[in-house]
Amino acid sequence: YDREILQDLDVLILTQTTYHPADWIKGLVENWDSKLIEWVREGGSVMLLHDMVGFRGRKVLFPEVCVKAIGYTYDFNNPANLESRTCQVVNPGFISSKLKTDQKFVHLYSDHIQLESGPKGKVIVREGVKKRLPVMVAGKVGKGKVVANGMISVSVDEKEAMPQGVE
């Protein structure tokens, strides 16, 4: 993340990324992470998507909002099973005035990351059935805002798709 680029942004959406574990690449990513953290503390806003919340090799960037990813739910073999993709809005006010409390929806992708909210994190969306664990948490960090979103907008058959409705 270049400071010149970040200064022109209101919100950075950081989608799931992969990188080779070579030391120089890992060091570069860690350097970017520290710049991103500083930018948010100074007033920037970031939405972390899917694994970027701190899952499968990605470090937790804002533990005060999202302590960690605690697991994920999926049903790759049965895309018709909506239970593993059903979520519920529980505290929409922090991120949107258009969402309604208790509104349920089914996201497109076949899994979502389950989260543990931190001391400054508010649960925005949780699983709609079974464990009812947090799927999206948000909070203030310094002068900025962080949204840790365990969902990602890709369809079940892995073709690109635009989010629909609440998603």
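## Charges over rings

Lys-145 lies over the face of Phe-94, at 5.1 Å from the ring centre. This comes from a predicted model. A second charge sits over Tyr-72: here the residue is Arg-56, and the distance to the ring centre is 4.7 Å.

Lys-145 also has a part in the packing described below. It is one of the residues in contact with Val-46.

## The aromatic pair

Tyr-72 has an aromatic partner as well. The structure holds one aromatic pair. Its members are Phe-55 and Tyr-72, with ring centres 5.6 Å apart. The planes stand at 65 degrees; angles over 60 count as edge-to-face, so this pair is edge-to-face.

Phe-55 belongs to the loop between strand 2 and strand 3, while Tyr-72 is in strand 3. The pair therefore ties together parts that lie 17 residues apart in sequence. Burial sets the two rings apart. Phe-55 has a relative accessible area of 13% and is buried. Tyr-72 has 33% relative accessibility and counts as partly exposed.

## Gln-114 beside Tyr-72

Tyr-72 also meets a polar side chain. A polar atom in the side chain of Gln-114 lies 3.3 Å from the backbone nitrogen of Tyr-72. Gln-114 is in strand 6. Its relative accessibility is 7%; the cut-off for buried is under 20%, so Gln-114 counts as buried.

Neighbours within four places in sequence aside, Gln-114 is in contact with a run of residues from Lys-68 to Thr-73, namely Lys-68, Ala-69, Ile-70, Gly-71, Tyr-72 and Thr-73. Glu-127, Lys-131, Leu-133 and Pro-134 are also in contact with Gln-114.

## The nonpolar cores

The largest nonpolar core has 23 residues. Those with the most contacts inside it are Leu-36, Val-40, Val-46, Leu-48, Phe-62, Leu-115 and Val-146. Several elements each supply at least two residues, among them strand 1 (11-14), strand 2 (45-49), strand 3 (66-74) and strand 6 (111-117). Strand 8 (134-141) and strand 9 (144-149) do so too, as does helix 2 (23-41). Helix 2 gives the largest share, four residues.

Val-46 shows the packing at one position. With neighbours within four places in sequence left aside, Val-46 is in contact with Leu-12, Leu-14, Leu-36, Val-40 and Phe-62. Lys-145, Val-146 and Val-147 complete the list of its contacts. Apart from the largest core lies another, of 12 residues. Phe-105, Ile-124, Met-136 and Met-151 are among them.

Definitions and conventions:
Residues are numbered from 1 along each chain as its sequence is written. This is a predicted model: local features need pLDDT of at least 70, side-chain atom pairs count only at pLDDT 80 or more; totals for chains, interfaces and linings use all residues. Side-chain values use heavy atoms; hydrogens and water are left out. A nonpolar core is a set of buried Ala, Val, Leu, Ile, Met, Phe, Trp, Tyr and Cys residues joined through side-chain atoms within 4.5 Å. Buried means under 20% relative accessible area, exposed over 50%, partly exposed in between (1.4 Å probe, protein chains only). Contact means heavy atoms within 4.5 Å. Rings of Phe, Tyr and Trp (its six-membered ring) pair if their centres lie within 6.5 Å; planes under 30 degrees apart count as stacked, over 60 as edge-to-face and the rest as tilted. A charge sits over a ring if NZ of Lys or CZ of Arg is within 6 Å of the ring centre and within 35 degrees of the ring normal. A polar contact is a pair of N or O atoms within 3.5 Å; within protein, one must be able to donate a hydrogen and the other to accept it, and residues adjacent in sequence count only if both atoms are side-chain atoms.
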